[in-house]
Amino acid sequence: VITYDDVLDAAERLRPIVRRTPVLECDIRGARVFCKAENLQVGGSFKIRGAYNAAAQLTLTERATGLVAISSGNHAQGVALAANLLGTTARIAMPLDAPPIKREATAALGAEIVLFDRHLRTREEVIEELMRDGGAFIPPFDHPDVMAGQGTAALELFEEVDALDALVVPVSGGGLIAGCGIVARAKNPAIRLIGVEPEAADDTKRSLEAGMRVTIPVPRTVADGLQVTTPGELTFAINRHQIDEVVTVSDDEIRDAMAFARRELDTVVEPSGAVGLAAVLEGRVAGVRRIGVILSGGNVDRRA
Amino acid sequence: LITAADVERAAKTIEGSVARTPTSASETLSEILGCHVVLKFESLQFTASFKERGARNRLEQLTADERRRGVVAVSAGNHAQAVARHASLLGIPATIVMPTTTPFVKIARTRYLGAHVELCGADLAEAMKRGRELVAEGRTFVHPYDDPTVMAGQGTVAIELLDDHPDIEAIVVPVGGGGLIAGITAYTSERFPHVQIVGVQSETHPAFARAVAGYTGGTTGPTMAEGIGVHEPSTIAIEIACAAKVTVDVVSEAQIEDAANLLLEIEKVVVEGAGATGVAAIAANRAEFSGKRVGVVLTGGNIDPRLLASVIQRGLVRSGRLARVRIEIDDRPGALAALLAIVAEAGANLLEVLHQRMFANVSLRRADVDLMIECQDAVHRDRTVAAISTGGYRAKLLPLDEL
């Protein structure tokens, strides 16, 4: 579906747009850990990478119709920001119970927000209604350009750090790990690619075990950005061949990792962004000396 | 029908009076299109199209008596010029009937080539009525495509192409009435049976493609490939194409436009819409041609200069090198200067500034500024728009149709 070259193309497109986030280093359980701080990315998460890369490749006519997205959080901000940067508008459907901070941040970027009750209407219905007025739909993960864009986070990490034995990536729909995995394999075919999910939201882990996409009930987890019920079709097609293992972490372990990030790395990571770090802290990535971790986002409600 | 021998005889007949146009393998196009592209430059004929081949071959068949009485053609395009030139060279009086709507340049050009031009009727069908009257008076009608000697003449393109590049595996041929593809197919199916012939039509005029599949009609709208904008293709050509199992691809107007731009930028060659359809077909069906050695006939180069200008300009917009951005700014002294400083910092070249308060749908204290800028590519354009947005302005990148 996508190749390493697609990620390189995306990097060229994104170079003037995204922030080259720092790589924060620490020692955990005898391993050197390199954390790619995407929580410090513009928009507070890696999502701008995929959203912008996809939107920038629309034709001018498509682009002028405005971007359309559905998201409870970081993807919404990514798309709103991409629209702003590309000189177009965005209409974004957000569930009523989306974190207020993410809603406000999305609105502040100039996007029009359409609220919906996720208990009353399905995503498909909401998307269909939004698209009735036209627009270019930017999916959160299941799109080649989105995956290629997310892969640029790993590309930057590998440009700064070499000889990694493992790359640890949070998994929701699988877009981030699909793109990052392609880069990791290209840089080091022997690297261990490890996905991390919250215990309650282990749809990708189960799907890999089953050899097919499995749907789980809507999970309850502190990691609000990882509440996907099934992996993407395209992302799963890539990930089933490249992920070595998916490990899970509990909500308490996620909270501990957030505290660790604040204390040891001096940075604020949201629950979804901390699952990779949690897995390393809990020793679920064993037997390796140099570990890359993607801290995928930092949008927490600091007032809470 | 016609045979390879007919085409070879035609080649002998027209030798010396119709240009043997160059063929050349294009390294850069091959890289872009993913196959080995060999171009046949029929746009370099004297009247800038392959039509001279068929017209010359047809005129050469006339008896002394027929020559004396003269010929008639009904055409507003390349066929008119081809007949005018070769009738004139052979000393045969030629009358070309053109619709009254024909652009003046084409009328003047046809007259310059030595033909008597009659303007009659609002379109080709009406002009045809006048043509029939002239034929009834004793002149010989030279059909643009539905004539075996015309087809045999057009087929000589294939002889030259395969002489120069005998390893060609497929030939892509623009199709209107079917004269060219019939001649080429007649030749290759006997002499180079392994060579695959692929026709191309515009999606707005797919009559031949539909005919090969057993349907009729199909014309839906105007095309920039006027040269192949034909409603009623030759039944002989359809029969030849069907017998040889020729496939016909259909390309969109946008793909034709892109192909014309590509040829202009890469090959530095000007082609008319029809002449660009071959490259458009390869670009649209990469998998079909992947890795093959493909001959492409650039059938003609007669494009209206104004249309050419639009093609170039729209190409610049599509590739991001030309853009129009609408920005809302405060209506106060210095606001425009601050905005332009951002554009300068981004390295974009300013072509035009339209500063409007009167017609803008913004508050009284604000103004709309439309900037037309020149950038290096789409990435640079997007970076410039991003710099404007990041500078705190609301910017809107206008699409093609709002330029």
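Colleague: Let me fix one term before we start: buried means under 20% relative accessible area, and exposed means over 50%. With that settled, what kind of model is this?

Modeller: A predicted one. As overall scores, the model has an ipTM of 0.72 and a pTM of 0.76.

Colleague: And which average pLDDT does chain B get?

Modeller: Chain B averages 93, and 98% of its residues score at least 70.

Colleague: Nice. How many aromatic pairs are there over all chains?

Modeller: One. Tyr187(B) and Phe192(B) make up that pair, with ring centres 6.1 Å apart and 45° between the planes, a tilted arrangement.

Colleague: Is Phe192(B) buried or exposed?

Modeller: Buried: its relative accessibility is 17%, and the cut-off is under 20%. Tyr187(B) is buried too, at 7%.

Colleague: Sticking with rings, what lies over the face of Phe46(B)?

Modeller: That's Arg85(B), at 3.8 Å from the ring centre.

Colleague: Let's zoom out. How many helices and strands does chain B have?

Modeller: There are 17 helices and 14 strands in chain B. Its C-alpha atoms fill a box of roughly 80 × 50 × 40 Å along the principal axes, and 53% of the 403 residues count as buried.

Colleague: What about contacts that span a long stretch of the chain?

Modeller: Take the chain B contacts between residues at least 6 apart in sequence: 72% of those join residues at least 24 apart.

Colleague: Now helix packing. At what angle do α1 and α3 of chain B pack?

Modeller: At about 85°, with the axes 9 Å apart; α1(B) covers residues 4–14 and α3(B) covers residues 51–60. Angles of 65 to 115 degrees count as roughly perpendicular, so that is how α1(B) sits relative to α3(B).

Colleague: Which residues meet there?

Modeller: From α1(B) you have Ala10(B), Thr13(B) and Ile14(B), and across from them in α3(B) are Arg53(B), Arg56(B), Asn57(B) and Glu60(B).

Colleague: Arg53(B) caught my eye. I was looking at Lys40(B) earlier: is Lys40(B) buried or exposed?

Modeller: Buried, with 0% relative accessibility. Lys40(B) lies in strand β2, residues 36–41 of chain B. Leaving aside neighbours within four places in sequence, its contacts include your Arg53(B), along with Thr21(B), Pro22(B), Glu160(B), Leu161(B) and Val297(B).

Colleague: Over to chain A. Where is Ala54(A) found?

Modeller: In helix α2 of chain A, residues 47–55. Ala54(A) is buried, at 5% relative accessibility.

Colleague: And what does Ala54(A) touch?

Modeller: Not counting residues up to four places away in sequence, Ala54(A) touches Ile138(A), Asp145(A) and Val146(A). Ile138(A) is 84 residues away along the chain, yet the two C-alpha atoms are separated by 7.0 Å.

Colleague: Last topic, backbone oddities. Why would a positive phi be worth a look?

Modeller: Because most residues other than glycine have a negative phi. In chain A, Ala163(A) has a phi near 55°. That residue is in the loop between α7 (144–160) and β7 (166–170).

Colleague: Is Ala163(A) buried or exposed?

Modeller: Exposed, at 53% relative accessibility.

Colleague: What is the phi of Lys268(B)?

Modeller: About 55°, so positive without being a glycine. Lys268(B) is in the loop between α12 (253–267) and α13 (273–284) of chain B, and it is exposed, with a relative accessible area of 64%.

How values were computed:
Residues numbered from 1 in each chain as written. Chains lettered and ligands numbered in written order. Predicted model: local features only at pLDDT ≥ 70, side-chain atom pairs only at ≥ 80, totals over all residues. Heavy atoms only, no water. Phe/Tyr/Trp six-rings, centres within 6.5 Å; stacked < 30°, edge-to-face > 60°. Buried < 20%, exposed > 50% of the residue type's maximum accessible area, 1.4 Å probe, protein only. Lys NZ or Arg CZ within 6 Å of the ring centre and 35° of its normal. pLDDT = per-residue confidence, 0-100. Axes fitted to C-alpha atoms, helices over the stretch in contact; angles between N-to-C directions. Helix = DSSP H or I, 4+ residues; strand = E, 2+ residues; numbered from the N terminus. Parallel < 35°, antiparallel > 145°, perpendicular 65-115°, else oblique. Contact = heavy atoms within 4.5 Å.
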